[in-house]
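Dear colleague,

Here is the structure for your files. My notes follow below it.

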Amino acid sequence: MNTSENSVIEFMLGRRSTIARLLGEPGPDDDALETILRAGARVPDHGKLAPWRFLIIRGNARKALGSAMALAFQTANSQADAERLDHERGLALRAPVIVTVISKAAQHRKIPKWEQELSAGAVCQNVLAAAIAMGYGAQWVTEWWAYDAGAAKVLGLGDDEKIAGFIHIGTHDGPVADRPRPVMADIVTEWTGEN
Ligand SMILES: Cc1cc2nc3c(=O)[nH]c(=O)nc-3n(C[C@H](O)[C@H](O)[C@H](O)COP(=O)(O)O)c2cc1C
């Protein structure tokens, strides 16, 4: 089968993200979101630990999140001026729906934490790809939110939990510019065992 006869491969070869600030209404409704999350949870997961969870942020909750994040930013950056705080407040409002993927990787007798975290990355990619396949625009971002103790508190993260990504999902009707992709010859080698 050549690639043009395989719509999944064609999609994978052409998929691209849309930057969050271009993502307007509509976002996915409850049914569409459920489909996106089910696709997100269908990932390789060594040990069947499901070492991740979803936290959905949408509607008015985004405003509350923006205010809380601006406060967290101010706490960590006492010099921040009003303009900067306004910018931080607005970040949560860029897209109608944010799917937060939270890694719950923990010490396990057999499965390394690294593998559990990789599985959370796969969840992010599946959420992103599912949303784009369903006709939405989407972007995987972390911002400083993913690495700030104040932000973790706002989002109710447990001690062992980390943000893998905030997948912003919405609608963008215009064209989306692609970005340069790696040259395959630069990243592919073959191990032949011959040395
Ligand atoms: C873990 C992770 C975190 C990211 N965080 C950000 C971010 O905070 N801000 C940003 O502008 N892009 C971020 N990006 C990159 C965007 O998702 C970017 O749009 C993406 O690399 C475009 O690739 P694509 O078109 O192949 O989907 C992040 C990517 C990854 C994998």
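Read from the start of the sequence, the protein chain runs α-α-β-α-α-β-α-β-α-β-α. That makes seven helices and four strands; both are DSSP runs numbered from the N terminus, helices being H or I with at least four residues and strands E with at least two.

This is a predicted model, in which local features need pLDDT of at least 70 and side-chain atom pairs count only at pLDDT 80 or more, while totals for chains, interfaces and linings use all residues. Residues are numbered from 1 along each chain as its sequence is written, and side-chain values use heavy atoms, with hydrogens and water left out.

Along the principal axes, the C-alpha atoms of the protein chain fill a box of roughly 60 × 50 × 35 Å. Of contacts (heavy atoms within 4.5 Å) with a separation of 6 or more, 80% come from residues 24 or more positions apart.

The chain has 195 residues, and 37% of them count as buried, meaning under 20% relative accessible area with a 1.4 Å probe, protein chains only. Its exposed area is about 12100 Å², with 52% supplied by carbon and sulfur atoms; the areas are Shrake-Rupley values from a 1.4 Å probe.

One residue to look at is Ala133, in helix H5 (residues 113-133). Ala133 counts as exposed because its relative accessibility is 53%, the cut-off being over 50%. Between Ala133 and Val8 the C-alpha to C-alpha distance is 9.3 Å, with their positions 125 residues apart in sequence.

Regards
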